Amino acid sequence: LTAYISRHPGGAKNILRICGKDGTSTFEGQHGGESRPERTLEGYFIGSLN
Ligand code: HEM
């Protein structure tokens with residue numbers, strides 16, 4: 001999400017606080033069910049961790 005940090009409408013701070021860790025629950029807590037944030041996030045998908 002590095003390229004998105006400065007573009008996030010909810011502020012850079014909210015992305016920086018989940019850098020380097022699993023941000024799933026933080027993201028879901030804020031944006032779960034919201035189509036625009038979910039579509040944006042899909043665009044940054046790299047791959048799944050085993
Ligand atoms: C991790 C990936 C994230 C993505 C891709 C993302 C994406 C977005 C998008 C697209 C918007 C604009 C929504 C709209 O105008 O329809 C937004 C707004 C916002 N985001 Fe995020 N977001 C992320 C993480 C977070 C996190 C972790 C938080 C806080 C815990 C957060 C807090 C906010 C806030 C406060 C807004 C502004 C209010 C709102 O429009 O809901 N975001 N985000």
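Which residues coordinate the iron atom of the ligand, and at what distance? The legends below start there and then move around this predicted model.

**View 1. The iron atom of the ligand and its two histidines.** His-8 and His-31 each offer an NE2 atom to the iron, and they coordinate it at 2.0 Å. Counting every donor, the iron has 6 of them, and the angles among these atoms run from 85 to 179 degrees. That gives the site an octahedral arrangement. His-8 sits in the segment before helix H1, which covers 12–16, while His-31 belongs to helix H2, residues 24–31, so the pair ties together parts of the chain that are 23 residues apart in sequence.

**View 2. A closer look at His-8 and His-31.** Are these two histidines buried or exposed? With a relative accessible area of 14%, His-8 is buried. His-31 is buried too, and its value is 17%. Both figures fall under 20%, which is the cut-off for calling a residue buried.

**View 3. Helix H2 passing helix H3.** Now shift over to H2 and its partner H3, the helix made of residues 35–42. Their axes come within 9 Å and cross at roughly 150 degrees. That makes H2 roughly antiparallel to H3, since angles over 145 degrees count that way. As for handedness, H2 passes H3 in a right-handed crossing.

**View 4. Where H2 and H3 meet.** Which residues meet here? From H2 come Phe-27, Glu-28 and His-31, and from H3 come Pro-37, Glu-38 and Leu-41. You've already seen His-31 in the first view, where its NE2 atom coordinates the iron of the ligand.

**View 5. Tyr-4 and the residues around it.** Tyr-4 lies in the segment before H1. It counts as buried, at 14% relative accessibility. Setting aside its neighbours within four places in sequence, Tyr-4 is in contact with Pro-9, Ile-15, Thr-40 and Tyr-44. For a sense of scale, look across to Thr-24: the C-alpha atoms of Tyr-4 and Thr-24 are separated by 16 Å, with their positions 20 residues apart along the chain.

**View 6. Leu-1 and what it touches.** Leu-1 is also found in the segment before H1. Leu-1 counts as partly exposed, at 42% relative accessibility. Apart from residues up to four places away in sequence, it touches Ile-15, Leu-41 and Tyr-44. Leu-1 and Ala-12 make an easy pair to remember: they're 11 residues apart in sequence and 11 Å apart in space, C-alpha to C-alpha.

**View 7. Tyr-44, in the segment after H3.** What does Tyr-44 contact, leaving aside its neighbours within four places in sequence? The list is Leu-1, Ala-3, Tyr-4 and Arg-7. Tyr-44 is partly exposed, with a relative accessible area of 27%. Try finding Ser-25 as well: Tyr-44 and Ser-25 are 19 residues apart in sequence, and their C-alpha atoms are 17 Å apart in space.

**View 8. Asn-14 in helix H1.** Our last stop is Asn-14, which is partly exposed at a relative accessible area of 36%. How far is it from Thr-26? In sequence, Asn-14 and Thr-26 are 12 residues apart, and in space they're 9.4 Å apart, C-alpha to C-alpha.

Conventions:
Residues numbered from 1 in each chain as written. Predicted model: local features only at pLDDT ≥ 70, side-chain atom pairs only at ≥ 80, totals over all residues. Heavy atoms only, no water. Donors = N, O, S within 2.8 Å, 3.2 Å for Na, K, Ca; no water. Tetrahedral: all angles 85-135°; square planar, octahedral: opposite > 155°, others 65-115°. Helix = DSSP H or I, 4+ residues; strand = E, 2+ residues; numbered from the N terminus. Buried < 20%, exposed > 50% of the residue type's maximum accessible area, 1.4 Å probe, protein only. Axes fitted to C-alpha atoms, helices over the stretch in contact; angles between N-to-C directions. Parallel < 35°, antiparallel > 145°, perpendicular 65-115°, else oblique. Left-handed = near helix turned anticlockwise from the far one by under 90°. Contact = heavy atoms within 4.5 Å.
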